[in-house]
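Open the model in your viewer and keep the selection tool at hand. Each stop below says what to pick and what is there.

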Amino acid sequence: MLSTLSLFLAPALVAAHGAVTSYIIDGTTYPGYQGFSPQPNAQIIQRQWPDYNPIMTVTDAAMTCNGGTSAPLSAKVAAGSNITAVWSQWTHQQGPVMVWLYPCENGFDSCDGKSKKWFKIDEQGLTGPTLNSNDWGTAVIYNTLKWSSKIPESLKPGNYLIRHELLALHQANTPQFYPECAQIEVTGSGSSLPGDSYLTSIPAYASQNDPGIMVDIYQGTATSYTCPGPEVWTG
């Protein structure tokens, strides 16, 4: 009976999560990966990920791009404009949203995202005074299934990975990470890149015991929250 019940519950557990499944840039929708069904030769800008089950530790190798390593296409996006990630489903309302970039100076084929070059361009954590609430960045995605971020206007043109990360904190001291990556070509006349204090490696952009990662929203007394990792670089 127990094994039968486990099999019955498995699809429900899977359905409780989510991932970025498309992107909107300058009015054009770029399909991403739907997960769970291999798509060989799929003509997409997103690095294919195997599933949208959570990653449980910040040091897991899959943290880079949820296991995705390549994509055949990229999309152009002008510095100073927005890119919107779209989720087909999302069910957790407690936790931050973080958006990262990684320069791929030698092209996407050789760009594995494993060096200390990741930097944040956007984030939203707790927007109210109570941890056990829906005043979080992930609640925006729960309600809209979208997240728009501005590419810094002064950013140097070139090839980049863009990484959207949701950190679900609905289970006490049991963080769940949901990252996906896509390949973009930033255009414009900027010349700036962030300094060393903004750069980090992924995985391990913070300790598993970081107060922004190991959180008990039910018993904690904190009235504010700081997203893990370096500060956002706005250009």
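**Stop 1: the end of helix 2**

Select Leu-145, the residue that follows helix 2. Its phi is positive, near 60°. Keep in mind that this is a predicted model.

Now step back into the helix, residues 137-144. Which residues of helix 2 are buried? They are Gly-137, Thr-138, Ala-139 and Ile-141. Show what surrounds them: these buried residues pack against strand 4, strand 5 (97-103), strand 6 (119-124), strand 7 and strand 8 (158-168).

**Stop 2: strand 4 and its partners**

Select residues 82-87, which form strand 4. Five of the six residues are buried, so the strand is largely enclosed by the rest of the structure.

Add residues 20-25, strand 1. Strand 1 and strand 4 run antiparallel, joined by five bridges. For one of the pairings, label Ser-22: its bridge partner in strand 4 is Val-86.

Next add residues 146-150, strand 7. Strand 7 also pairs with strand 4 in the antiparallel sense, over five bridges. Label Asn-82 and look opposite, to Lys-150 in strand 7.

With the side chains switched on, remember a general rule: in a regular strand they alternate between the two faces of the sheet.

**Stop 3: the cysteines**

Show the cysteine side chains. How many disulfides does the whole structure hold? A search finds two.

Zoom to Cys-65 and Cys-181, which are joined with an S to S distance of 2.1 Å. Cys-65 sits in the loop between strand 2 (28-31) and strand 3 (75-78), and Cys-181 in strand 9 (residues 176-187), so the pair ties together parts that are 116 residues apart in sequence. The angle about the S-S bond is -85°, a left-handed link. Are these two cysteines buried or exposed? Both Cys-65 and Cys-181 are buried.

Move to the disulfide of Cys-104 and Cys-111, again with S to S at 2.1 Å. This link is left-handed as well, with -65° about the S-S bond. Cys-104 and Cys-111 are both buried.

Count the bonded cysteines along the chain and the pattern reads 1-4, 2-3. Cys-227 stays outside this pattern, being in no disulfide. The nearest cysteine sulfur to Cys-227 belongs to Cys-181, 18 Å away. Cys-227 is buried, with a relative accessible area of 8%.

**Stop 4: Thr-200**

Select Thr-200, in the segment after strand 9. Why does Thr-200 count as buried? Its relative accessibility is 10%, and the cut-off for buried is under 20%.

Now expand the selection to the contacts of Thr-200, leaving aside its neighbours within four places in sequence. You should have Trp-100, Ser-115, Lys-116, Lys-117, Trp-118, Tyr-205 and Pro-230. Of these, Trp-100 falls in the range of strand 5 (97-103).

**Stop 5: the largest pocket**

Finish at the largest pocket. Where is its centre? Select Pro-211, Gly-212, Ser-224, Tyr-225 and Thr-226, which lie nearest to the centre among the 13 lining residues. The space in this pocket is about 170 Å³. Colour the lining by residue class: seven are nonpolar, four polar and two charged.

Definitions and conventions
Residues numbered from 1 in each chain as written. Predicted model: local features only at pLDDT ≥ 70, side-chain atom pairs only at ≥ 80, totals over all residues. Heavy atoms only, no water. Buried < 20%, exposed > 50% of the residue type's maximum accessible area, 1.4 Å probe, protein only. Helix = DSSP H or I, 4+ residues; strand = E, 2+ residues; numbered from the N terminus. Pairing = 2+ DSSP bridges. Disulfide = S-S within 2.5 Å. Contact = heavy atoms within 4.5 Å. 1 Å grid on protein atoms, 1.4 Å probe; cavity = no way out; pocket = protein on both sides within 12 Å on 5 of 7 lines; lining within 4 Å. Points joined across faces, edges and corners; volume = space filled by probe spheres on them. Nonpolar A, V, L, I, M, F, W, Y, C, P; charged D, E, K, R; others polar.
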